[in-house]
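Here is a short report for someone meeting this structure for the first time. Look over the sequence and the model, then read on.

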Amino acid sequence: MAQRAQLIPIRAHADRIYDIKCCIRPFRTKGPNLGVEQVGDATVIHNYGHHGSGWCLSWGSADMQVQKAMSFAPRKIAVVGSGVIGLTTAVCALRAGMEVTIYTRELLPRTRSYRANGVWGPGTVALASEAQAGLGDIWEQMVRTSWKNFRPYMGMAGSPIAWSEHYELSDTPFDAPPPAPIPMANGDPAPVFYDMGNRISDITSIPEVLTPELNPFPGVKYARHSTKMFWNFSEYGHLLTTEFFARGGKIVMRDFHAPSELAHLPEKVIINCPGYAAHDWWRDKSMIPIRGQTEWLIPQPEVNYGLTYRNVETRSKSDGVMVIQIGPEMFAKSWKNSTEIPNRAEAETAVKVVEELMSRFPTRPA
Ligand SMILES: Cc1cc2nc3c(=O)[nH]c(=O)nc-3n(C[C@H](O)[C@H](O)[C@H](O)COP(=O)(O)OP(=O)(O)OC[C@H]3O[C@@H](n4cnc5c(N)ncnc54)[C@H](O)[C@@H]3O)c2cc1C
């Protein structure tokens with residue numbers, strides 16, 4: 001018979017926040033740029049604009065673009081960028097037998113990729129009104145290829161990819177009508193995203209409603225339970241980087257200012273993975289900034305679950321308990337917001353929600 005889980009409370013207090021990370025999601029209204037174009041005698045294969053799904057789509061997107069690169073039969077290629085998309089693309093190309101040089105202005109730990117939440121849940125990558133033809137099929141192929149490629153990292157020492165129980169908690173029934181969409185803080189109407197439907201329901205944990213007897217959270221009326229896969233960035237990033245160098249990859253620190261500079265590289269096939277920076281570096285004005293902030297509490301390895309409650313999500317990772325504000329109001333403030341300055345008040349507000357929830361446990365966190 002199912003039993004109520006015994007959960008260890010999260011020690012959520014403002015004085016345990018040891019880091020606040022802030023970054024921009026690379027949203028492209030048409031969907032990721034996977035196009036190919038010529039700059040002088042160089043062939044540039046784009047791979048950017050994965051919005052809030054770059055970790056999830058990384059291998060699939062890399063595989064697709066490396067195959068395009070291979071069709072030009074180059075012995076060596078260049079990759080611009082070393083975020084999760086660039087580094088994965090580089091490793092993918094090395095596995096395919098090419099010589100690879102990454103040109104980048106930052107290494108992975110300094111990139112926006114490292115400031116994400118990092119959980120499985122590939123979602124919206126385009127506006128419904130602007131999505132490129134066939135986007136659903138392309139997206140599904142990326143998701144499924146990625147999923148297969150993450151498999152070998154599971155169960156590895158250091159847990160580069162791990163799983164945890166996740167509780168969605170609510171004060172109102174889950175089947176209550178959703179609130180009306182709210183306008184964006186800049187005055188735009190609420191964007192309508194391209195709907196991927198239930199294409200990947202077979203590889204997505206479906207939340208199960210918990211009866212009051214099985215709900216482990218005191219004072220919370222409604223709870224749903226699922227299992228989520230997530231990345232521990234340091235461990236996963238270390239594995240990617242180690243493989244990159246072990247296979248002979250080279251890195252050149254470089255900051256490009258105009259596309260024409262690519263024509264001067266010795267490699268004539270280039271995969272361009274600049275993330276949101278494509279907005280300025282490639283002058284791609286269909287890139288829209290969507291701000292996000294995560295706050296990090298001192299690690300609690302004994303906490304093996306995550307939760308969502310009152311527009312706050314937590315996840316216990318190897319380098320800390322990650323807390324992030326989500327939901328329509330936060331989204332409205334984040335839309336077209338390119339501020340990357342951490343907001344301490346926002347961090348404390350989010351942590352307070354978790355602190356109050358944890359105070360309902362009979363054994364209070366120290
Ligand atoms: C708060 C938040 C939560 C998120 N949560 C998730 C999640 O749970 N799951 C998920 O899958 N995704 C998530 N994402 C999205 C994910 O982080 C991004 O889609 C992903 O990081 C994009 O990676 P990237 O490599 O394209 O870009 P970046 O990480 O920005 O890397 C770009 C690289 O290009 C280099 N570069 C850029 N311009 C130049 C130039 N001109 N010259 C030289 N080098 C250049 C940079 O130095 C960097 O190395 C989240 C994002 C945010 C902000």
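Is valine 252 buried, partly exposed or exposed? Valine 252 has a relative accessible area of 33%. Buried would need a value under 20%, and exposed one over 50%. Valine 252 therefore counts as partly exposed. This residue belongs to strand E9, residues 250-253. Its C-alpha lies 8.5 Å from that of arginine 105, although 147 residues separate valine 252 and arginine 105 in sequence.

The model is predicted. That applies to every value below.

## Another long-range neighbour

Phenylalanine 331 sits in helix H6, which covers residues 328-334. Its relative accessibility is 24%, so phenylalanine 331 counts as partly exposed. Proline 183 is 148 residues away from phenylalanine 331 in sequence. In space, the two C-alpha atoms are 9.8 Å apart.

## Around the ligand

The shell around the ligand holds 35 residues. Which of them come nearest? They are Cys23, His51, Cys56, Glu106 and Ser113. By type, the shell divides into 14 nonpolar, 15 polar and six charged residues.

Three backbone contacts reach oxygen atoms of the ligand. The table lists them.

| Residue | Protein side | Ligand side | Distance |
|---|---|---|---|
| Valine 84 | backbone N or O atom | oxygen atom | 3.3 Å |
| Isoleucine 85 | polar backbone atom | oxygen atom | 3.1 Å |
| Valine 119 | backbone N or O atom | oxygen atom | 2.8 Å |

How much of the ligand does the protein cover? On its own, the ligand has 1000 Å² of accessible area, and the protein covers 97% of that. Three elements each give two or more residues to the shell: strand E1 (17-28), helix H1 (54-70) and helix H2 (84-95).

## Aromatic pairs

Now to the rings. The model has 22 aromatic pairs. One of them joins tryptophan 55 and tyrosine 236. Their ring centres are 5.9 Å apart, and the planes meet at 55°. The pair is tilted.

Where do the two partners lie? Tryptophan 55 is in helix H1, while tyrosine 236 is in helix H4 (residues 233-246). The pair therefore ties together parts that are 181 residues apart in sequence. Tryptophan 55 has a relative accessibility of 7%, so this residue counts as buried. Tyrosine 236 has 0% and is buried as well.

A second pair brings together phenylalanine 217 and tyrosine 305. The ring centres are 6.2 Å apart. The planes stand at 70°, so this pair is edge-to-face. Over 60 degrees is what that label requires. Phenylalanine 217 lies in the loop between strand E7 (208-210) and strand E8 (222-231). Tyrosine 305 lies in strand E12, residues 305-309. The pair thus links parts that are 88 residues apart in sequence. Phenylalanine 217 and tyrosine 305 are both buried.

Ring pairs also build a cluster. Its members are Trp55, Tyr114, Trp120, Trp147, Phe150, Tyr153, Trp163, Trp231, Phe233 and Tyr236. Both partners of the tilted pair, Trp55 and Tyr236, belong to this cluster.

## Charges over rings

Two rings carry a charged residue over the face. Arginine 224 lies over phenylalanine 174, at 4.1 Å from the ring centre. Lysine 317 lies over phenylalanine 233, also at 4.1 Å from the ring centre. Phe233 is a member of the ring cluster too.

## Three loop residues

Asparagine 117 is placed in the loop between strand E5 (99-104) and helix H3 (135-150). Is asparagine 117 buried or exposed? Its relative accessible area is 15%, so asparagine 117 is buried. Its side chain makes a polar contact of 2.9 Å with the side chain of arginine 315.

Serine 159 lies in the loop between H3 and strand E6 (161-170). What is notable about its phi? Phi of serine 159 is near 50°, a positive value in a residue other than glycine. Serine 159 has a relative accessible area of 32% and is partly exposed.

Arginine 283 also has a positive phi, near 50°. This arginine is found in the loop between helix H5 (278-281) and strand E11 (287-297). Its relative accessibility is 52%, so arginine 283 counts as exposed.

Technical notes
Residues numbered from 1 in each chain as written. Predicted model: local features only at pLDDT ≥ 70, side-chain atom pairs only at ≥ 80, totals over all residues. Heavy atoms only, no water. Near = heavy atom within 4 Å. Polar contact = N/O pair within 3.5 Å; in protein donor to acceptor, adjacent residues only side chain to side chain. Areas by Shrake-Rupley, 256 points an atom, 1.4 Å probe, with all protein chains shown as cover. Helix = DSSP H or I, 4+ residues; strand = E, 2+ residues; numbered from the N terminus. Nonpolar A, V, L, I, M, F, W, Y, C, P; charged D, E, K, R; others polar. Phe/Tyr/Trp six-rings, centres within 6.5 Å; stacked < 30°, edge-to-face > 60°. Buried < 20%, exposed > 50% of the residue type's maximum accessible area, 1.4 Å probe, protein only. Lys NZ or Arg CZ within 6 Å of the ring centre and 35° of its normal.
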